[in-house]
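Hi,

Here is the structure I promised to pass on. Have a look first, and my notes follow below.

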Amino acid sequence: MTVHGIEARQRAQTAAGKDRCRTGLPTGSEAGVLVLGGSGLLGRALGAAYDMAGIWAFAPPRPVVDATDAAALATMVEALRPAIVVNAAAFTGVDAAEEHREACRAVNAGIAASLADAVAGIEGTLIHISTDFVFDGEANRPYHEYDAVAPVNWYGATKEEGERAVRASGCRHVILRTAWLHGSARRSFVSAFLDRLAAGERVDAVSDRVASPTSVDELADAITALTARLRAGRPVPSGTYHFAGKGGATPRDIALEIAAICRADPRLVNGVSAAGRDEPARRPRYAALDTGLARARLGLEPRPWQDGVRRTVGLLSGGLLSGGNGRRA
Ligand SMILES: NC(=O)c1ccc[n+]([C@@H]2O[C@H](COP(=O)([O-])OP(=O)(O)OC[C@H]3O[C@@H](n4cnc5c(N)ncnc54)[C@H](OP(=O)(O)O)[C@@H]3O)[C@@H](O)[C@H]2O)c1
């Protein structure tokens with residue numbers, strides 16, 4: 001991406017979640033796309049991607065609609081009659097979920113269920129975002145969509161329940177499972193590693209947990225492409241798909257990649273075991289996602305996870321660190 005492109009996206013991301021979250025409900029004809037969770041990491045990136053594509057989307061903030069109020073949600077969907085609804089709202093605190101079980105379930109399963117029913121009622125299409133945490137992490141190859149789910153923590157269990165509710169509703173749907181999101185709108189493992197490595201400080205990074213790190217901007221671009229495809233009336237087969245950075249990586253791999261990009265000494269990266277971490281929620285050990293089905297059926301092809309990390313580092317550094325291959329000689 002050019003520096004100009006980066007600036008445009010950053011401006012759009014700043015605007016997303018502010019200007020785009022209008023406080024009054026638009027009329028039905030304006031509201032082709034409804035986004036829940038517009039203020040979140042993905043919601044902001046999606047607002048920016050829709051802006052760049054010239055797609056107008058309505059993203060009501062929580063004071064306008066608390067989506068756990070099923071009746072209010074149904075009334076809003078019925079009034080707007082959006083052709084496409086994106087559910088990016090979620091309770092994403094994996095450790096907090098263990099303690100706040102009902103609150104987490106109300107968002108991750110409850111909103112998914114009531115939204116899917118409402119979308120079925122207006123014959124729209126629901127793009128619902130889910131997670132690799134529906135798997136137990138005991139595999140030794142990337143997970144396919146048809147692999148058995150067996151969440152090992154409450155967050156994953158509620159997200160899996162949400163998936164089932166979407167399928168059971170009978171609405172047209174695309175469930176996109178993703179993983180380890182990083183972007184410039186919120187602190188993440190990428191920004192944390194970048195800050196420390198660029199300052200010449202040591203980082204402890206887990207070396208025995210694998211997933212598919214995903215640029216939230218790349219995911220937003222994929223949802224935008226899907227939205228455009230649906231609006232053009234091109235076929236989009238309902239189903240569950242994986243969209244995540246291609247390949248698998250440990251946090252240590254990610255830190256080493258960032259060290260290479262910012263020309264930091266790789267010896268600053270200290271691999272540690274996840275076993276020593278004080279975490280209320282269990283995590284899958286290995287949760288890389290196979291993304292072949294999204295490519296074959298939806299024409300969505302994620303880039304390697306390293307490219308996504310480079311993209312986020314580029315956004316975080318205003319483009320200063322994203323040029324060239326950034327590798328040490
Ligand atoms: N982050 C990851 O690493 C990751 C990994 C795999 C999958 N995912 C999935 O990706 C999706 C997006 O995640 P994210 O990281 O963008 O999440 P996020 O930054 O935590 O944002 C969550 C969004 O949900 C909204 N929300 C929560 N409760 C709500 C309610 N009762 N009514 C209306 N809105 C509510 C939040 O609104 P407020 O701003 O008002 O709180 C916020 O906009 C989720 O489905 C998540 O499960 C994320």
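To start with the ligand, a residue counts as near a molecule or strand here if its C-beta atom, placed from the backbone, lies within 6 Å of it. On that basis 23 residues surround the ligand, and the closest are Gly37, Gly40, Leu42, Ala67 and Ala90. The elements that give two or more residues to this shell are α2 (41-53) and β4 (125-131), with helices (H or I, at least four residues) and strands (E, at least two) being DSSP runs numbered from the N terminus. The largest share, 3 residues, comes from α2. By class the shell has 12 nonpolar, 8 polar and 3 charged residues; Ala, Val, Leu, Ile, Met, Phe, Trp, Tyr, Cys and Pro count as nonpolar, Asp, Glu, Lys and Arg as charged, and the others, Gly among them, as polar.

Before you go further, two housekeeping points. This is a predicted model, where local features need pLDDT of at least 70, side-chain atom pairs count only at pLDDT 80 or more, and totals for chains, interfaces and linings use all residues. Residues are numbered from 1 along each chain as its sequence is written.

Now to α9 (residues 251-261). How many of the residues of α9 are buried? The count is 10 of the 11, so α9 is largely enclosed by the rest of the structure. Buried means that 20 or more other C-beta atoms lie within 10 Å of a residue's own, exposed means 12 or fewer, and partly exposed is in between, with C-beta atoms placed from the backbone. Among the buried residues are Pro251, Arg252, Asp253 and Ile261. Their cover includes α7 (189-198), β7 (203-206), β10 and α11.

α11 (residues 305-316) deserves a closer look. Its axis and that of α9 come within 10 Å and cross at roughly 55°, where axes are lines fitted to C-alpha atoms, for helices over the stretch in contact, and angles run from 0 to 180 degrees between N-to-C directions. That makes α9 oblique to α11: angles under 35 degrees count as roughly parallel, over 145 as roughly antiparallel, 65 to 115 as roughly perpendicular and the rest as oblique. The crossing of these two is right-handed, the term for a near helix turned clockwise from the far one by less than a right angle, with anticlockwise giving left-handed. Ile254, Glu257, Ile258 and Ile261 of α9 make the contact with Gln306, Val309, Arg310 and Val313 of α11, contact being C-beta atoms, placed from the backbone, within 7 Å of each other. Sorted by class, that gives 5 nonpolar, 1 polar and 2 charged residues.

One of the charged ones is worth a stop. Glu257 sits in helix α9 and counts as buried, because it has 24 C-beta neighbours inside 10 Å. Not counting residues up to four places away in sequence, Glu257 touches Gln306 and Val309. Glu257 and Asp307 are 50 residues apart in sequence and 9.9 Å apart in space, C-alpha to C-alpha.

α7 also packs on α11, at an angle of about 65° with the axes 10 Å apart. Again the crossing is right-handed. Val190, Ser191 and Leu194 in α7 meet Val309, Thr312, Val313 and Leu316 in α11, which divides into 5 nonpolar, 2 polar and no charged residues.

A further helix pair is α5 (101-122) with α6 (residues 154-169), packed at about 15° with axes 8 Å apart. That makes α5 roughly parallel to α6, and α5 passes α6 in a right-handed crossing. The α5 side of the contact includes Arg101, Cys104 and Ala120, and the α6 side includes Trp154, Tyr155 and Ser169. The class split is 10 nonpolar, 4 polar and 5 charged.

Then the backbone. Most residues other than glycine have a negative phi. Glu123, though not a glycine, has a positive phi of about 60°. Glu123 is in the loop between α5 and β4 and is exposed, with 10 other C-beta atoms within 10 Å. Just after α9, Arg263 takes a positive phi of about 55°. Arg263 lies in the loop between α9 and β10 (269-272) and is partly exposed, with 13 other C-beta atoms within 10 Å.

Finally, Arg172 lies in strand β5 (residues 172-178). Leaving aside neighbours within four places in sequence, Arg172 is in contact with Thr125 and Ser238.

Cheers

Terms used. Two residues are in contact if their C-beta atoms, placed from the backbone, lie within 7 Å.
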